[in-house]
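Trainee: Please take me through a single part of this model in close detail. I would like one connected account.

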Amino acid sequence: MKKTLRYNFRIKPTPEQEAKLIEFGSYARGLWNLLLSENLRRYRYDKTFLFYPEMAN
């Protein structure tokens, strides 16, 4: 049986780093919601999906 190790880290960002992390998270969430709505629209229209390789392009 293979045993895997797990490490836990806690980051303590500076206020400037924390603001950048929050900004990155909001961009990522916005992009996710945009692609999700595009997939819902495409599925309603012609029953197709965009998968990751097409989305990444």
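**Helix H1, its pocket and the loop beyond**

Mentor: Start with Trp32, which is found in helix H1. Keep in mind that this is a predicted model. Trp32 is exposed, because its relative accessible area of 58% is over the 50% cut-off. Take Gln17 as a reference point. It lies 15 residues from Trp32 along the chain, and their C-alpha atoms are separated by 22 Å.

Now the helix itself. H1 covers residues 15-46. Its 32 residues should span 46 Å at 1.5 Å a residue. The end C-alpha atoms are 47 Å apart, so the expected span and the computed one agree. Gly25 also lies in H1. This glycine is partly exposed, because its relative accessible area of 32% falls between the 20% and 50% limits. From Gly25 to Leu36 is 11 residues in sequence and 16 Å in space, C-alpha to C-alpha.

Leu36 and Trp32 bring us to the largest pocket, since both are on the list of residues that line it. The pocket holds about 170 Å³ of space. Its other lining residues are Leu31, Leu35, Asn39, Tyr52, Met55 and Ala56. Two helices, H1 and H2 (52-56), each supply at least two residues of this lining. H1 gives the most, with 5 residues. What is the character of the lining, nonpolar, polar or charged? It divides into 7 nonpolar residues, 1 polar and no charged. As background, an α-helix has 3.6 residues a turn, so residues three or four places apart point the same way. With that in mind, look again at Leu31, Trp32, Leu35, Leu36 and Asn39 in the lining.

Next, follow the chain off the end of H1. Lys47 comes just after the helix and takes a positive phi of about 60°. Its place is in the loop between H1 and H2. Why pause on that angle? Most residues other than glycine have a negative phi. Lys47 has a positive phi although it is not a glycine. Lys47 is also exposed, because its relative accessible area is 56%, over the 50% limit.

The side chain of Lys47 leads back to a ring. Its charged end sits over the ring of Tyr43, 4.8 Å from the ring centre. Tyr43 counts as partly exposed, with 37% relative accessibility.

Tyr43 then opens the aromatic part of the story. A search of the whole structure finds 3 aromatic pairs. One of them joins Tyr43 and Phe49: the pair is stacked, at 5.0 Å centre to centre and 20° between the planes. It is called stacked because 20° is under the 30 degree limit. Phe49 in turn pairs with Phe51, and this pair is tilted, at 6.2 Å centre to centre and 55° between the planes. The angle explains the label: 55° is neither under 30 degrees nor over 60, so the pair counts as tilted. Ring pairs thus link Tyr43, Phe49 and Phe51 into a cluster.

How buried or exposed are the two phenylalanines? Phe49 is partly exposed, with a relative accessible area of 43%. Phe51 counts as exposed, at 53% relative accessibility.

Put the pieces in order. Trp32 in H1 helps line the largest pocket. Past the end of H1 comes Lys47 with its positive phi. The charged end of Lys47 sits over Tyr43, and Tyr43 belongs to the ring cluster with Phe49 and Phe51.

Definitions and conventions: Residues are numbered from 1 along each chain as its sequence is written. This is a predicted model: local features need pLDDT of at least 70, side-chain atom pairs count only at pLDDT 80 or more; totals for chains, interfaces and linings use all residues. Side-chain values use heavy atoms; hydrogens and water are left out. Rings of Phe, Tyr and Trp (its six-membered ring) pair if their centres lie within 6.5 Å; planes under 30 degrees apart count as stacked, over 60 as edge-to-face and the rest as tilted. Buried means under 20% relative accessible area, exposed over 50%, partly exposed in between (1.4 Å probe, protein chains only). A charge sits over a ring if NZ of Lys or CZ of Arg is within 6 Å of the ring centre and within 35 degrees of the ring normal. On a 1 Å grid over the protein atoms alone, a cavity is a set of points where a 1.4 Å probe fits but cannot get out, and a pocket is an open set with protein on both sides within 12 Å along at least five of seven lines; lining residues have an atom within 4 Å of a point. Grid points are joined across faces, edges and corners, and a volume is the space filled by probe spheres set on the points. Helices (H or I, at least four residues) and strands (E, at least two) are DSSP runs, numbered from the N terminus. Ala, Val, Leu, Ile, Met, Phe, Trp, Tyr, Cys and Pro count as nonpolar, Asp, Glu, Lys and Arg as charged, and the others, Gly among them, as polar. The expected span of a helix is 1.5 Å times one less than its number of residues.
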